[in-house]
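Here is a short look at the salt bridges in this model, and at how one of its helices sits against its surroundings. Have the structure open while you read.

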Amino acid sequence: MNLNIQNRNALVCGSTQGIGKASAIQLAEEGVNVTLIARNEEKLKKVLDELPNNNQRHAYIVADFSNPKELKEKIEATSLEFHILINNTGGPAGGPVFNAQLDEFERAFTQHLKCNHVLAQAIVPFMKKEGYGRVINVISTSVKQPLDGLGVSNTIRGAVASWSKTLANELGQFGITVNNVLPGATGTERLNEIINNKATKTGKTIEEVSEAMKNASPAKRFAKPEEIANAIVFLASDKASFINGINVPVDGGRTKSL
């Protein structure tokens, strides 16, 4: 299938590892000019060197998503304009929601919702002018079915999903779609953190926790980051022009709801 996104410009957040990195590589393979954004410049340089390049214009921006003001300034300082925005940020620490401190909610809200909003406000005017835009938020299946032990994440992910749906309703008339990809358990550093945390709290071994998580999915395994990226890249393409305002679980069938 020709996705027809050659020479489009994409900004990919959290692109030094995991799903963000896999998405950046796949977009570049499709002929997209990719700009990476994350806080670690050395890692950004390394991923930049790994991007497929056929006379494309790849770049990177160093920014910390704990500081929306700085993020806004850095985006506005660049002359780059984007047709595709992939919002992707590492999740909050695990734990029961009742035990969460207020600052945990505030940090997560800033990193996930405020920064998504900053980027959308900076980038959408160009999308409107072009009559083409794709905003894709990498969230979690918890927006359909809250996950045990991830209280802050469940709360904030739900807020991002509502923000996204509202934005989709407002921007659809301009040829801009806004969708959410909901990964299941995926082989990333974030998953390793969750497994280690569960093992510590339950007294089970890492292997026991890992197997239980795999068995929660009909697929009986973890996803590869590239499998999540497949859905992201399709939604970023011309072929997904009438898909708007939806949550797409990519979880091997783990989510029980329809």
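Counting salt bridges, with a side-chain nitrogen of Lys or Arg within 4 Å of a carboxyl oxygen of Asp or Glu as the rule, gives a total of eight. Keep in mind that this is a predicted model, where local features need pLDDT of at least 70, side-chain atom pairs count only at pLDDT 80 or more, and totals for chains, interfaces and linings use all residues. Residues are numbered from 1 along each chain as its sequence is written, and side-chain values use heavy atoms, leaving out hydrogens and water.

Three of these pairs, each within a helix, are set out here. Helices (H or I, at least four residues) and strands (E, at least two) are DSSP runs, numbered from the N terminus.

| Pair | Helix | N to O distance |
|---|---|---|
| Glu50 and Lys46 | α2 (residues 41-50) | 3.1 Å |
| Arg107 and Asp103 | α4 | 3.2 Å |
| Lys214 and Glu211 | α7 (residues 206-215) | 3.6 Å |

The spacing goes like this: Glu50 and Lys46 are four residues apart in α2, about one helical turn. Arg107 and Asp103 are also four apart in α4, while Lys214 and Glu211 are three apart in α7. An α-helix has 3.6 residues a turn, so residues three or four places apart point the same way.

How open are these side chains? For the terms, buried means under 20% relative accessible area, exposed over 50%, and partly exposed in between (1.4 Å probe, protein chains only). Lys46 is exposed at 53%, whereas its partner Glu50 is partly exposed at 34%. In α4, Arg107 comes out partly exposed at 46%, and Asp103 is partly exposed at 36%. In α7, Glu211 is partly exposed at 40%, and Lys214 is partly exposed too, at 23%.

The α2 pair has company: Lys21, Lys46 and Glu50 are linked in a network of salt bridges.

Now for α3. Which residues of helix α3 (residues 68-77) are buried? They are Pro68, Leu71 and Ile75. These three sit on the same side of α3, because they cover an arc of only 55 degrees around the axis, taking the directions from the helix axis to the C-beta atoms. Turn to the other side of α3 and you'll find Lys69, Glu76 and Ala77 exposed.

As for what covers the buried residues of α3, the list includes the strands β1 (9-13), β2 (33-38) and β3 (59-62), along with helix α4 (102-130). Contact here means heavy atoms within 4.5 Å.
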